[in-house]
Amino acid sequence: METQYSELELALNTLVTEFHKAADNGPTMNTTQFQSMISGQMPAIAKTVENEEGLGKVLEQMGVQSGQNISFDNFWKLINNQALQLFGTMHKEKGTKCTCLLQ
């Protein structure tokens, strides 16, 4: 019998799969691979990383040092920020605020 996965489990699998695909199945990706993944998979922030200044700000928020490759841990920080922003945008009219903390 095949295991049935929830939407959340499938979404988590998609995050990991897309990261590895962009990193050519390596443990990290370079900034070119990152920009390509973002433009294809995260259009809400794709315009932010199109130029060097925007890319630099996003990498800094992710904890990536200059010249350093992007790990899944770095990528997860971006996912956290985007999740909070999207939640705020999608629930703005309801007056709901996310107070989730990532430690």
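This is a short tour of one structure, stop by stop. The model is predicted.

**Stop 1: the annotated span**

Select residues 8-47. The UniProt record, an unreviewed entry, annotates them as "domain: S100/CaBP-9k-type calcium binding subdomain". The span is 75% helix and 5% strand. Now pick the C-alpha atoms at its two ends: they lie 27 Å apart.

**Stop 2: the nonpolar core**

Next, select Met29, Phe34, Ile38, Met62 and Leu78. The largest nonpolar core has 20 residues, and these five touch the most other members. Which helices supply at least two residues each to this core? Colour α1 (7-22), α2 (31-41), α3 (43-46), α4 (52-61) and α5 (72-90) to see them.

Stay with Phe34 and show its surroundings. Leave aside the neighbours within four places in sequence. Phe34 is then in contact with Met29, Val49, Leu55, Val58, Leu59, Met62, Ile70 and Leu78. Met29, Met62 and Leu78 are on this contact list, and they also belong to the five core residues selected above.

**Stop 3: the aromatic rings**

The structure holds 4 aromatic pairs. Begin with Phe19 and Phe72. Their rings are edge-to-face, 5.3 Å centre to centre, with 90 degrees between the planes. Phe19 sits in helix α1 and Phe72 in helix α5, 53 residues apart, so the pair links distant parts of the chain.

Are these two rings buried or exposed? Phe19 has a relative accessible area of 1%, so it counts as buried. Phe72 is at 26%, which makes it partly exposed; the cut-off for buried is under 20%.

Keep Phe19 selected and add Phe75. This pair is tilted: 5.7 Å centre to centre, 35 degrees between the planes. Phe19 lies in helix α1 and Phe75 in helix α5, so the pair ties together parts 56 residues apart in sequence. Both Phe19 and Phe75 are buried.

Now add Trp76. Phe19, Phe72, Phe75 and Trp76 form one aromatic cluster.

**Stop 4: the largest pocket**

Finally, turn on a surface. The largest pocket holds about 460 Å³ of space. Which residues are closest to its centre? Select Ala11, Leu15, Met42, Ile79 and Ala83; they are among the 19 residues that line the pocket.

Colour by helix once more. α1, α2, α3 and α5 each give two or more residues to the lining. The largest share, 7 residues, comes from α5. Helix α5 is also where Phe72 and Phe75 are found, and α5 supplies at least two residues of the nonpolar core.

Methods:
Residues are numbered from 1 along each chain as its sequence is written. This is a predicted model: local features need pLDDT of at least 70, side-chain atom pairs count only at pLDDT 80 or more; totals for chains, interfaces and linings use all residues. Side-chain values use heavy atoms; hydrogens and water are left out. A nonpolar core is a set of buried Ala, Val, Leu, Ile, Met, Phe, Trp, Tyr and Cys residues joined through side-chain atoms within 4.5 Å. Buried means under 20% relative accessible area, exposed over 50%, partly exposed in between (1.4 Å probe, protein chains only). Helices (H or I, at least four residues) and strands (E, at least two) are DSSP runs, numbered from the N terminus. Contact means heavy atoms within 4.5 Å. UniProt positions are given in the numbering used here, feature names are shortened, and annotations may be inferred rather than shown by experiment. Rings of Phe, Tyr and Trp (its six-membered ring) pair if their centres lie within 6.5 Å; planes under 30 degrees apart count as stacked, over 60 as edge-to-face and the rest as tilted. On a 1 Å grid over the protein atoms alone, a cavity is a set of points where a 1.4 Å probe fits but cannot get out, and a pocket is an open set with protein on both sides within 12 Å along at least five of seven lines; lining residues have an atom within 4 Å of a point. Grid points are joined across faces, edges and corners, and a volume is the space filled by probe spheres set on the points.
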